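Here's a quick walk through the overall build of this one, from global dimensions down to how the chains meet. Have a look at the model first.

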Amino acid sequence: MSLPAYYTTKDKVWHYAFRVICFSIFFFLLAPILIMIPLSFNAGPYFTFTREMLTLNPEGYSLRWYQDFLGDEGWMRSISNSFIIGIAATVLSTSLGTLAALGLSRAEMPAKGLIMGILISPMIVPLIISAAGMFFFFSQINIAQTFVGVVLAHAALGTPFVVITVTATLVGFDQSLTRAAANLGASPTTNFFKITMPLILPGVISGALFAFITSFDEIVVVLFVAGVEQRTIPREMWSGIREDISPTILAVATILVLISIALLTVVELLRRRGERMRGLSPQ
Amino acid sequence: MAMSDDAGDDVAIGNETDSKGRLLTSDGRPLRAALERANRRRKLTAFGLVTPLLAFIVIFFAYPIVQMMWRSVDNPAVIEALPRTLDALQDWDGEELPSEDVYRALYEDMMADEELPRIEQKIGPLAVRLNYEVSAARGAISRTSRNVDEFEPPYKEAFMDAHRLWNDTEIWRIIEREGRPLTASYYVAAVDAEYNADNEIVRADENRRIYVSLFGRTFAMSIVITFMTFALGFPIAYYLSSLPMSKANLLMIAVLLPFWTSLLVRTSAWIVLLQGQGVINDSLVGLGLIGDDDRLSMIYNQTGTIIAMTHILLPFMVLPLYSVMKTIPPSYARAARSLGATPFTAFRRVYFPQTLPGIAAGGVLVFIISIGYYITPALVGGQDGRMISNEIARHIQSSLNWGLAAALGTMLLVSVLILYWLFNKLVGTDSLKFG
């Protein structure tokens with residue numbers, strides 16, 4: 001990018017200085033996450049680059065922390081727990097949230113502001129408060145330390161994201177399409193699955209992904225509501241960090257970073273598709 | 001949507017009018033009633049779609065929180081355990097030790113409690129409850145209740161022999177004060193106050209003041225974190241908004257990847273970087289900037305918490321700022337320049353004021369999230385980096401003073417809700433976007 005001809009020396013210096021500042025902030029954002037990837041291949045039990053690693057000596061690198069992770073029963077169980085809980089909570093929050101978003105975007109919906117406020121409250125209330133409330137209530141109705149309890153809790157935390165993304169998709173929704181379908185004889189159910197659903201699907205999927213990542217990454221409620229049987233990946237990491245911190249954490253972290261890159265890509269693609277479909281994107 | 005718009009749309013206007021000249025539908029109903037009915041039905045359908053989620057959230061989210069808040073004032077222990085004693089205490093003047101009648105009532109209450117099956121006994125919870133008010137109470141009550149069946153009249157002496165606490169008007173004042181269904185004592189404790197001998201609320205001793213300064217520290221740290229995210233977020237949001245779309249989307253990954261990365265991953269990343277034998281200290285020692293013996297302690301203290309939380313919350317500042325800045329036409333600042341403003345004046349007087357909604361949105365968002373933050377301070381906070389949520393968790397999990405935890409939690413929740421209300425006033429929830 002060439003600079004405009006009228007720039008003075010001072011302008012030029014400022015222009016480059018500003019870029020240097022910005023890129024150091026980007027560095028601050030990315031470096032801590034990316035630095036764990038090479039460190040997770042450390043051959044020794046250290047959290048820093050050893051001399052062998054810096055000289056690129058193959059002996060400095062190993063897969064031992066990955067083997068450690070894969071060979072550990074606790075970690076393996078936490079993976080399946082995380083997915084079971086995450087998927088169940090996502091199904092629950094996505095179906096309830098999508099229905100509610102359909103209702104909320106109707107013009108005739110009464111008390112919209114109040115209801116919206118209640119529905120998105122799980123996103124606003126500090127997690128420690130939600131966790132404490134659920135801890136007491138779930139113990140009373142005997143679902144503390146069960147999968148049902150954790151799934152219900154995570155579903156509640158995930159619904160605001162589904163409601164918000166699906167409601168946002170419905171803003172650009174052309175009502176005349178469903179009227180046309182109804183006019184041509186489609187029943188409300190056919191109408192929903194054949195007309196509405198395909199059009200709001202990107203919103204539903206990104207809402208579902210948000211709900212899933214919320215559950216997958218959630219730890220506070222798990223600390224209070226889950227028992228030993230329901231330990232998820234973040235819960236294992238929590239003990240790992242608190243009790244005996246070993247580079248196995250780095251191996252797990254690397255895998256999780258790769259998962260988030262995958263999820264980020266999917267959400268970004270969906271967002272662009274949605275924008276293109278609604279003609280909002282400049283491309 | 002149109003899923004059932006048709007349900008109420010079968011209102012066909014006929015040509016008939018009724019005796020009062022009102023329009024009728026083709027099947028003879030008054031048109032106004034038919035339309036109202038259709039409208040009601042539509043409202044019901046819309047509400048019916050929302051009901052499942054609303055019921056779910058109310059039962060599994062809102063009710064548990066309200067119930068937890070109720071714990072901060074709920075006070076059943078004394079009433080349930082000592083009904084006779086409270087009755088007898090009604091005539092007590094509060095100056096000297098109560099009369100023999102009161103001690104006899106206490107004896108009867110304790111004896112009656114022993115008759116109950118273990119699970120229904122109330123003296124145990126009473127001991128725990130009174131222990132929050134005076135720290136010798138649990139031992140005194142449990143020791144007394146173990147020996148109470150051997151007591152002989154006069155009971156006053158018997159109790160006073162069993163434990164010196166019964167020889168003190170303080171315990172009786174507390175029993176009288178807490179013998180009501182609702183209590184303020186958890187809130188009194190939560191603002192570092194206590195009751196004095198005249199049942200007036202006074203500030204607690206210097207060395208027992210914890211919570212006010214903890215709230216203060218939580219707020220101060222949140223302000224620092226909010227300011228740091230602003231200082232770091234503003235330049236990059238500005239830079240991103242000035243780039244062409246394709247380039248901005250690419251660089252946006254730098255903001256979105258941390259946003260999507262597990263919180264524990266990001267926290268452990270900072271532990272790895274900042275600890276004594278970590279990457280930063282090793283590099284500084286390796287470069288000879290600091291000696292091997294005076295490595296910087298940047299983790300397990302306030303510094304570590306602030307650094308890690310700034311990193312974790314930075315995306316929440318950048319995203320709203322970016323979406324506001326993208327809508328500001330660059331021609332405004334250019335117009336200011338062409339009218340003779342220096343670059344700085346053009347920025348300060350023309351560009352910056354237009355970014356204020358974004359700053360407000362991002363600032364309140366970051367502040368709300370950080371005052372309730374638990375995980376990062378718990379893992380990297382050490383002693384002076386602890387925040388109010390860590391204290392709430394401690395009271396729930398280890399000290400088991402649930403009333404105090406509920407009082408602290410309610411205070412935190414109320415502050416967050418006030419801030420959220422402010423946020424709504426300033427920017428509206430519509431500007432909440434993810435990714």
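Start with the overall dimensions: chain A has a radius of gyration of 24 Å, whereas a compact globule of 283 residues would come in near 19 Å. Keep in mind that this is a predicted model. Laid along its principal axes, the C-alpha trace of chain A covers about 75 × 70 × 35 Å.

What does the secondary structure of chain A come to? It's 13 helices and 0 strands, so reading from the N terminus you just get α-α-α-α-α-α-α-α-α-α-α-α-α, by the DSSP runs used here.

Now the domains. The assignment splits chain A in two, as follows.

| Domain of chain A | Residues |
|---|---|
| domain 1 | 9–60 |
| domain 2 | 73–245 |

The C-alpha centres of domain 1 and domain 2 of chain A sit 36 Å apart.

On packing, 45% of the 283 residues in chain A are buried. Take the contacts in chain A between residues at least 6 apart in sequence: 75% of them join residues at least 24 apart.

Finally, the partner chain. How many residues of chain A are in contact with chain B? There are 79 on the chain A side, and they meet 74 residues of chain B. The side of chain A that touches chain B breaks down into 62 nonpolar, 12 polar and 5 charged residues.

Conventions: Residues numbered from 1 in each chain as written. Chains lettered and ligands numbered in written order. Predicted model: local features only at pLDDT ≥ 70, side-chain atom pairs only at ≥ 80, totals over all residues. Helix = DSSP H or I, 4+ residues; strand = E, 2+ residues; numbered from the N terminus. Rg over C-alpha atoms; globule rule 2.2 N^0.38 Å. Buried ≥ 20, exposed ≤ 12 C-beta atoms within 10 Å, placed from the backbone. Contact = placed C-beta atoms within 7 Å. Nonpolar A, V, L, I, M, F, W, Y, C, P; charged D, E, K, R; others polar. Domains from an automatic or database assignment.
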